[in-house]
Amino acid sequence: MAGNNLKVLYVSHTHPPRGAIMENVGGMQRVSLHLINELEKMQGVSVHQETINVSGKGWIGLSTFSFLLRNLFSLPALAKRVNADVILFSSMVTASLAVFIRNRVSVPMVTINHGRDVTLPNPLYQNFVPRIFASLDGVISVSSATREECIKRGMDPTKGVALGNGFNMERLNNFPDKLKSKNDLQEEFGIDLENKFLLLSVGRQVKRKGHEWFIRNVFPKLRKDLVFVVIGDGPEKENIRRAAKEIEGGDRIFLLGRQPDEILNKTYAAADLFMMPNIPVEGDMEGFGIVLLEANMARTPAVAADLEGIKDVITDGENGYRLPTMDDQAFADKINTILENGLTEFAEHTRSFVLEQFSWNNVAKKYIEYMRTVIDKYST
């Protein structure tokens, strides 16, 4: 490094183009966008991006393979051309390049990993994962649970750290008024929220999110003045829909599918509690749970499973509560208790706590500190 300047070559197959409007909820795309935006703002740091957003394309697998193949040949030369101090990969997928270019690159290589890109239950992939770790100089996991999964798969513990995600400070004050948001949701989706509490869940509808389990086992135990709204799409959609039809009170459950940020912000603001009732699923895991922070930013406390990356986001009594996974009575009791006791004060404290603890600016500073440490170690 020349003086204190840090030149980062960032490689990602899930990075939205500059100026893109993020219509998805959570996910690696949003994380990638916010992180790089913050790194680029920092004095003495320059970022050269070698990126694509394959999720916006029809053939995700083919687009990813094409991106990796191109960089297999071009990345070493690009690193030299931009005089990079470090190569930062956005996930284990892009970090797989390290195995093949290690002998052609003279700078350290670091990856971020998010959970499923470590635990994907494919035997061929799992056999390859230890080779990726061996070829890297540093590993940033988005949660302590994700780091532990890396260690189980052969990562040298001294090579990896856990650095959680953050939230976009610019969105902090962009949430609409709570009452107005409830009125807007009533008009737009026909949801009766008059004198009712609103529970909200946001995220991809996969088994680990626990939506079906929550609807079948917890919702019938909750007070009757509750409405449950679920935003997102995914392979578990029909199972969730079927569960809502088969339980008593299912007419108070609304599955809205994927929604744009405008609607998402309104539901965050209108909600009284955010639900993340994850269940353990072999080969899958919650890396961090960024939607929890987005809900907290809107003054919406969370009730979530005490599982995986959620442990790094929710602090009991501060921005929500973590409960034993699949303990339906514990979930029901905690939800009912929170709604009966000082919800308004808790909601305000939730926002203040998250503001103090999480921000992309602080996360980016930690990334820089870690990458400098890796560079210093590589140079000795």
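**View 1. Strand S1 runs parallel to strand S3, and four bridges join the two.** This is a predicted model. Strand S1 covers residues 6–12. Val-11 stands opposite Phe-89 in S3. Phe-89 also has a bridge partner in S4, namely Thr-111. S3 and S4 pair in the parallel sense, over three bridges.

**View 2. Strand S3 is covered on both faces.** S3 spans residues 86–89. In a regular strand, side chains alternate between the two faces of the sheet. Here, Val-86 and Leu-88 lie on one side. Ile-87 and Phe-89 lie on the other. Are these four side chains buried or exposed? All are buried.

**View 3. Six strands make an open sheet with parallel pairing.** The order is S2-S1-S3-S4-S5-S6. Which strands form the edges? They are strand S2 (45–51) and strand S6 (160–162), and each pairs on one side only. From one strand to the next, the twist averages 20 degrees. Look also at strand S4 (residues 109–113) and strand S5 (residues 138–141): four bridges join them, and they run parallel. Thr-111 has Val-139 as its bridge partner in S5. Thr-111 is also the bridge partner of Phe-89.

**View 4. A second group of six strands forms an open sheet, ordered S9-S8-S7-S10-S11-S12.** The pairing here is parallel. Strand S9 (253–257) and strand S12 (320–323) are the edges, each pairing on one side only. Neighbouring strands are turned by 20 degrees against each other on average, direction ignored. Strand S11 (residues 302–305) and S12 run parallel, joined by four bridges. One partnership to find is Ala-302 with Gly-320 in S12.

**View 5. Helix H12 packs on the sheet that holds S7, S10 and S11.** The helix takes in residues 290–297. Which strands does H12 touch? It touches strand S7 (197–202), strand S10 (273–276) and S11. The direction of H12 makes about 175 degrees with that of S10.

**View 6. Arg-116 and Asp-284 meet in a salt bridge, at 3.8 Å from N to O.** Side chains of opposite charge can pair when their charged atoms come close. This pair links distant parts of the chain, 168 residues apart. Arg-116 sits in helix H5 (residues 116–119), while Asp-284 sits in the loop between S10 and H12. Arg-116 is partly exposed, with 39% relative accessible area. Asp-284, at 12%, counts as buried because the cut-off for buried is under 20%.

**View 7. Glu-286 and Arg-208 also meet in a salt bridge, at 3.1 Å from N to O.** Glu-286 is in the loop between S10 and H12. Arg-208 is in the loop between S7 and helix H9 (211–217). The two residues are 78 apart in the chain. Are they buried or exposed? Glu-286 counts as buried, at 5% relative accessibility. Arg-208 is buried too, with a relative accessible area of 14%. Now look at the wider group: salt bridges that share partners join Arg-116, Arg-208, Lys-209, Asp-284 and Glu-286 into one network.

**View 8. Lys-196 and Asp-192 form another salt bridge, at 3.3 Å from N to O.** Asp-192 is partly exposed, with a relative accessible area of 42%. How many salt bridges does the whole structure hold? A search finds 26.

**View 9. Phe-175 and Tyr-268 form an edge-to-face aromatic pair.** A pair of aromatic rings is described by the distance of the centres and the angle of the planes. Here the centres are 6.3 Å apart, and the planes make 80 degrees. Phe-175 lies in the loop between S6 and helix H8 (178–189), and Tyr-268 lies in helix H11 (residues 261–270), so the pair ties together parts that are 93 residues apart in sequence. Phe-175 and Tyr-268 are buried. With Phe-274, they form one aromatic cluster. The count of aromatic pairs comes to seven.

**View 10. Lys-334 lies over the face of Tyr-321.** How far is Lys-334 from the ring centre? The distance is 4.1 Å. Tyr-321 belongs to strand S12 (320–323), an edge strand of its sheet.

Notes
Residues numbered from 1 in each chain as written. Predicted model: local features only at pLDDT ≥ 70, side-chain atom pairs only at ≥ 80, totals over all residues. Heavy atoms only, no water. Pairing = 2+ DSSP bridges. Axes fitted to C-alpha atoms, helices over the stretch in contact; angles between N-to-C directions. Contact = heavy atoms within 4.5 Å. Salt bridge = Lys/Arg side-chain N within 4 Å of Asp/Glu carboxyl O. Buried < 20%, exposed > 50% of the residue type's maximum accessible area, 1.4 Å probe, protein only. Phe/Tyr/Trp six-rings, centres within 6.5 Å; stacked < 30°, edge-to-face > 60°. Lys NZ or Arg CZ within 6 Å of the ring centre and 35° of its normal.
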